[in-house]
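Welcome! Take a look at the sequence and the structure below, then work through the exercises at your own pace.

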Amino acid sequence: MSKHKLEYIWLDGYKPTQSQRRKSKIEYNFRGELKDAKESSVDGSSTEQAEGNDSDCLLQPVAVYPDPDRFGGNGWLVMCEVLNADATPHESNGRATIEDEDNDFWFGLEQEYTLMDTDTNLPLGFPKNGFPGPQGPYYTSVGARNTFGRDIVDEHLHLCLEAGLNVEGINAEVMAGQWEFQIFGRGSANCADQMWVARYLLLRCAEKYGVDVDWHCKPFTGDWNGSGMHANFSTDKLREEGGEDYFKALMAAF
């Protein structure tokens, strides 16, 4: 009888920006299939998702991936939705609002982020007193004078590939300590699940180096590039036929 470590991952109810949470659960003879991932529970009063006098929330697994970074193997990453105690979607559960899981929808998401020194609260590559040189050399850089955090970024890429995520690439971005990774997915929920798991793996990887990940659009004020997540989107008709009228109709719907 084999023991398996399941890492349950979900989004809390903090506003205006939700954070990721996790808990580990041991299961016997788990086969890595979503249908075998059992519902779990969480104290919602500690995640801004319930009052203290009625704090039970449910974690409903929605996707399972191999966990490449747990000692001893037999690890799994279990992406979850948060439900109320009566099994209805919690108000913080944005995934439950996805109406169409049509694989005709293709997404390419380009996630920018900044690696932060937890001692100085500055981006990697920023000196404690002062500033690095002007932007320009850091984008797609090579070499210790211009590249900061490559060990974390390369390890993250490896973890994403080992987890079976459709990661398409990485590159250093314009500001020192700023990077990007790209995720491709067919279907809205599928792509969103992969992006959240990729974010989780990056946070967990950076922990080992004592570094934090800042997703904020402007993590450092001044004449420094901000971060974003560019979204590339297409449908079968756009890919095969195109056409100005159809494109304009899509943009109007957006």
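Is Glu7 buried or exposed?

**Before the solutions**

This is a predicted model, in which local features need pLDDT of at least 70 and side-chain atom pairs count only at pLDDT 80 or more, while totals for chains, interfaces and linings use all residues. Residues are numbered from 1 along each chain as its sequence is written, and side-chain values use heavy atoms, with hydrogens and water left out.

**Exercise 1. Settle the opening question, then find the partner of Glu7.**

Step 1. Buried means under 20% relative accessible area, exposed means over 50%, and partly exposed lies in between (1.4 Å probe, protein chains only). Glu7 has 1% relative accessibility, so Glu7 counts as buried.

Step 2. Now look for a salt bridge, which is a side-chain nitrogen of Lys or Arg within 4 Å of a carboxyl oxygen of Asp or Glu. Glu7 makes one with Arg22, at 2.6 Å from N to O. Glu7 belongs to strand β1 (residues 3-11) and Arg22 to strand β2 (residues 20-28), so the pair ties together parts 15 residues apart in sequence. Helices (H or I, at least four residues) and strands (E, at least two) are DSSP runs, numbered from the N terminus.

Step 3. Check the partner: Arg22 is partly exposed, as its relative accessible area is 43%.

**Exercise 2. Describe two further salt bridges.**

Step 1. Start with Arg95 and Glu81, whose closest N and O atoms are 2.9 Å apart. Arg95 sits in the loop between β5 (75-83) and β6 (106-117), and Glu81 in strand β5, so parts 14 residues apart in sequence are tied together. Arg95 is partly exposed at 25% relative accessibility, whereas Glu81 is buried at 12%.

Step 2. Go on to Lys208 and Glu155, which meet at 2.4 Å, N to O. Lys208 is in the loop between α2 (188-207) and β10 (211-214) and Glu155 is in helix α1 (residues 150-162), so this pair links parts 53 residues apart in sequence.

Step 3. Arg31, Glu33, Lys35 and Asp36 are joined into one network by salt bridges that share partners. A search of the whole structure finds 14 salt bridges.

**Exercise 3. Which residues form a negative surface patch, and which make a nonpolar one?**

Step 1. Patches are made of residues with over 30% relative accessible area and no salt bridge; like charges are joined within 9 Å, and nonpolar side chains (Val, Leu, Ile, Met, Phe, Trp, Tyr) within 5 Å. Accessible areas come from the Shrake-Rupley method with a 1.4 Å probe.

Step 2. The negative patch consists of Asp43, Glu48, Glu51, Asp54 and Asp56. One of these, Asp54, is in the loop between β3 (40-43) and β4 (56-66), and Asp54 is exposed at 57% relative accessible area.

Step 3. The nonpolar patch, of about 360 Å², is made by Phe247, Met251 and Phe254. Met251 lies in helix α4 (residues 244-253) and is partly exposed, with 41% relative accessible area.

**Exercise 4. Sum up the whole protein.**

Step 1. The protein has four helices and 11 strands.

Step 2. Its C-alpha atoms fill a box of roughly 55 × 50 × 40 Å along the principal axes.

Step 3. The radius of gyration is 20 Å, which agrees with the value near 18 Å for a compact globule of 254 residues. The radius is taken over C-alpha atoms, and the globule rule is 2.2 Å times the number of residues to the power 0.38.

Step 4. Of the 254 residues, 43% are buried.

Definitions and conventions
Lys and Arg count as positive and Asp and Glu as negative; His and the chain ends are not counted. The place of a charge is taken as NZ of Lys, CZ of Arg, CG of Asp or CD of Glu.
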